[in-house]
Amino acid sequence: MDSLAIVGAGAAGAAAAYRLRDSDRDVTVFEKSRGVCGRAATRRRDGCHYDYGANYVKPGGGPVADLVHDLGEDGLVEIGEPVWTFDGDGAVAPGRDSDEPKWTWETGLTQLAKRLFARTDATLHKETRVGSVARTEDGWTVTDTGAGRYGEFDDVLLTPPAPQTADLLADAHWADDRREALRQAVADVPYRSIVTAVLHYPFELDREWYGLVNTDDAHAVGWLSREACKDGHVPDGEELLIVQMAPDWSRDHYDAAASEQTAAAAEHAASLLGDDRLLEPDWTDAQGWRYALPDEGVDSEPAAAASEAGLHVAGDWVAGEARVHAAVESGLSAADQIR
């Protein structure tokens, strides 16, 4: 039986494992974290579920809509309220939303990867940080930072963010010009960092919109949304805001204390929404996403050349589109190529 090692249990890795579920290929997945789905992540606190990275999945132009529904309608949530816009002066206006549905689940967006993996026979090693891959006479091996060695695999699929994948390729034991060509192409993918602040309040906001997105890159906030618009996420009578700070602000304040980040986010949210009650959330959370949003895709030629030797890449950065559906589509495409 042919075998595949997938590094990373995010949306791309989960989609690849799902696509290969009915094949004769033995799939092993290595994930550095305790959870799955990468930046499409969910946390729980005080009766709330909140998506603090990616906020939802949209259908895109490919198979994601059918895939989401195939995973089961139970607990699936479609966000009905629209996304509005705001500018650098904080002027809020309707007009950004499209007719595409926006989905999550009652227990959060991480259900996407959980449900994909649940339908596979893949072996999932959590809290296993891969430090290197190596090409041997018989295939590929994967070594974690705890010196555990796994293999031989016929193929390896790398799905971490491009800078982390570039580091893996730099340390890969594969004496072939294709390795360096791919490493350079992956390293060239530019990324934006994002700081996310989570602000909880013991009261509801009366607003027509689900989310607000900045349109001119001239505000400290890039995105603000209301988890209370997602069924099952926030108890009645409460509000939970996801405030994703703009890339420039996030870069400048990335290493600040979480309390400073959330205090600044609350101040900006209060000003943007014209509500001084938002200055004092009753609890907060914060997360820095150093590799949040890729601005370009990877050069396809080095990626295709490495694939011929059984080394593959997938992720939203391969597609060059910082969207969950793009990561899923990339994982499905990589699996089709491997099969």
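**Salt bridges, cysteines and backbone geometry**

Biologist: Which side chains meet in a salt bridge at 3.6 Å, N to O, with Arg 149 as one partner?
Modeller: Arg 149 and Glu 152 form that salt bridge, with an N to O distance of 3.6 Å. Please keep in mind that this is a predicted model.

Biologist: Is Arg 149 buried or exposed?
Modeller: Arg 149 is exposed, with a relative accessible area of 56%. Its partner Glu 152 is partly exposed, at 32%.

Biologist: Where is the place of Glu 152?
Modeller: Glu 152 belongs to strand β12, which covers residues 149-153. The backbone also deserves attention here: the peptide bond from Gly 151 to Glu 152 is cis, with omega near 5 degrees.

Biologist: Why is a cis bond worth a remark?
Modeller: Because most peptide bonds are trans.

Biologist: Back to charges. How many salt bridges does the count come to?
Modeller: The count comes to 20 salt bridges. One of them joins Asp 336 and Arg 19, with 3.1 Å from N to O. Asp 336 lies in helix α10 (residues 324-338) and Arg 19 in helix α1 (residues 11-19), so this pair ties together parts that are 317 residues apart in sequence.

Biologist: And the accessibility of Asp 336: what does it count as?
Modeller: Asp 336 counts as partly exposed, at 39% relative accessibility. Arg 19 is partly exposed too, with a relative accessible area of 28%.

Biologist: Which residue forms a salt bridge with Asp 252?
Modeller: The partner of Asp 252 is Arg 251, and their closest N and O atoms are 3.6 Å apart. Asp 252 counts as exposed at 55% relative accessibility, and Arg 251 counts as exposed at 54%.

Biologist: Which residues are linked with Arg 25 in a network of salt bridges?
Modeller: Asp 2 and Asp 155 are linked with Arg 25 in that network.

Biologist: Now the surface. Which residues form the negative surface patch?
Modeller: Asp 188, Glu 296, Asp 299 and Glu 301 form the patch. Within this group, Glu 296 is found in the loop between β18 (283-294) and α8 (300-307). Glu 296 is partly exposed, with a relative accessible area of 46%. Residues enter a patch with over 30% relative accessible area and no salt bridge, so at 46% Glu 296 meets the accessibility condition.

Biologist: Different topic: how many disulfides does the structure hold?
Modeller: The structure holds 0 disulfides.

Biologist: Why is there no bond from Cys 48 to the closest cysteine sulfur?
Modeller: The closest cysteine sulfur is in Cys 229, and it is 13 Å from the sulfur of Cys 48, which is too far for a bond. A disulfide would need the two sulfur atoms within 2.5 Å.

Biologist: Is Cys 48 buried or exposed?
Modeller: Cys 48 is buried, with a relative accessible area of 1%. Cys 37 is also buried, with a value of 2%.

Biologist: Which residues have a positive phi without being glycine?
Modeller: Glu 127 is one of them, with a phi of about 50 degrees. Asp 217 is another, with phi near 55 degrees. Most residues other than glycine have a negative phi.

Biologist: Where do Glu 127 and Asp 217 have their place?
Modeller: Glu 127 is in the loop between β9 (123-125) and β10 (130-136), and it is exposed, with a relative accessible area of 57%. Asp 217 is in the loop between β15 (211-214) and β16 (221-226), and it counts as exposed at 70% relative accessibility.

Biologist: What about Lys 58: buried or exposed?
Modeller: Lys 58 is buried, with a relative accessible area of 17%; the cut-off for buried is under 20%. Lys 58 is found in the loop between β4 (48-51) and α2 (64-70). Its C-alpha atom is separated by 21 Å from that of Ile 194, 136 residues apart along the chain.

Biologist: Last one. Where is the place of Ile 6?
Modeller: Ile 6 is in strand β1, residues 3-7. Ile 6 is buried, with a relative accessible area of 0%. The C-alpha atoms of Ile 6 and Leu 199 are separated by 35 Å, and these residues are 193 residues apart along the chain.

Technical notes
Residues are numbered from 1 along each chain as its sequence is written. This is a predicted model: local features need pLDDT of at least 70, side-chain atom pairs count only at pLDDT 80 or more; totals for chains, interfaces and linings use all residues. Side-chain values use heavy atoms; hydrogens and water are left out. Patches are made of residues with over 30% relative accessible area and no salt bridge: like charges are joined within 9 Å, nonpolar side chains (Val, Leu, Ile, Met, Phe, Trp, Tyr) within 5 Å. Accessible areas come from the Shrake-Rupley method with a 1.4 Å probe; for residues, only the protein chains shown count as cover. A salt bridge is a side-chain nitrogen of Lys or Arg within 4 Å of a carboxyl oxygen of Asp or Glu. Lys and Arg count as positive and Asp and Glu as negative; His and the chain ends are not counted. The place of a charge is taken as NZ of Lys, CZ of Arg, CG of Asp or CD of Glu. Helices (H or I, at least four residues) and strands (E, at least two) are DSSP runs, numbered from the N terminus. Buried means under 20% relative accessible area, exposed over 50%, partly exposed in between (1.4 Å probe, protein chains only).
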